[in-house]
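Student: Could you take me through one part of this structure up close? I would like to look at the nonpolar core and what lies around it.

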Amino acid sequence: LYWALWDMIVWKLLMDSDSASDRTMSLIVNWDLFRKNPLLGVKLSDVLYALPNNTSSTTILMAGCGIGATLVHVAAWVAMIWEKGRKLWVNLALVLILFVSFNTQNIIADVFFWLFPMMALTEKGLPLLKLKAGK
C-alpha cells in the first residue's frame, strides 16, 4: 500500500515532470472552465478537449457538470467506501486513496465511474427514505 501511494502521489505528481505538468495544466484549465458556469458547468466536449491530456476526472466533472452534480457524485463515492464502524482516519485515508486514484487519469467516459457510485448512493439512501417514511 505504501509503495502504491508513493507511486500515485509522489512520483506522478512531483517527480515525473511530464505528468506533473499535465496535471497542473488540467487543474488550471478545468478550474477556469468551472468558474465560467459553476452551477451547471460548460459544454462537456469543451472540457474534454480543452487539453491533449486532461487527466483530472474530478475537475473535469466540476467544469462540465457544475457543483451540484459534482457534490452528488463525490458523496456517492464516499458513501461507497465509508463505514461507521471503521476508525475515522481509516475512512479518510480510503477516501484520499480513491480520489487520488481516479484523478491520475481521465476516466470520465468510463461507465463504472458513474455506475458504481450511483449504486452505492442508492444502497445507502433507500433504507433512510424507508425509515423516514415509516415515522
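Tutor: The chain has six helices and zero strands, so its pattern along the sequence reads α-α-α-α-α-α. Do keep in mind that this is a predicted model. Buried residues account for 33% of the 135 residues. Of the contacts between residues at least 6 apart in sequence, 65% link residues at least 24 apart.

Now to the part you asked for. The largest nonpolar core holds nine residues: Val 29, Leu 33, Phe 34, Val 42, Val 47, Leu 51, Ile 60, Met 62 and Ala 63. Two or more of these residues come from helix H2 (17-36), and helix H4 (57-81) likewise gives two or more. A good residue to click on is Val 47, one of the core members. Leaving aside residues up to four places away in sequence, Val 47 touches Leu 33, Val 42, Ile 60 and Ala 63, along with Asn 30, Asn 54 and Gly 64.

Next, follow helix H4 to Ile 67. With a relative accessibility of 31%, Ile 67 counts as partly exposed, because the buried class is kept for values under 20%. Ile 67 also belongs to a nonpolar surface patch with Leu 39, Leu 40 and Leu 71, and together they have about 430 Å² of accessible area. Gly 68 lies in helix H4 too, and is partly exposed at 35% relative accessibility. The C-alpha atom of Gly 68 is 9.5 Å from that of Gly 41, although 27 residues separate the two along the chain.

For the chain as a whole, the accessible surface is about 8800 Å², and carbon and sulfur atoms make up 70% of that.

Key:
Residues numbered from 1 in each chain as written. Predicted model: local features only at pLDDT ≥ 70, side-chain atom pairs only at ≥ 80, totals over all residues. Heavy atoms only, no water. Core = buried A, V, L, I, M, F, W, Y, C linked by side-chain atoms within 4.5 Å. Buried < 20%, exposed > 50% of the residue type's maximum accessible area, 1.4 Å probe, protein only. Helix = DSSP H or I, 4+ residues; strand = E, 2+ residues; numbered from the N terminus. Contact = heavy atoms within 4.5 Å. Patch = residues over 30% accessible without salt bridge, like charges linked within 9 Å, V, L, I, M, F, W, Y side chains within 5 Å. Areas by Shrake-Rupley, 256 points an atom, 1.4 Å probe, with all protein chains shown as cover. Salt bridge = Lys/Arg side-chain N within 4 Å of Asp/Glu carboxyl O.
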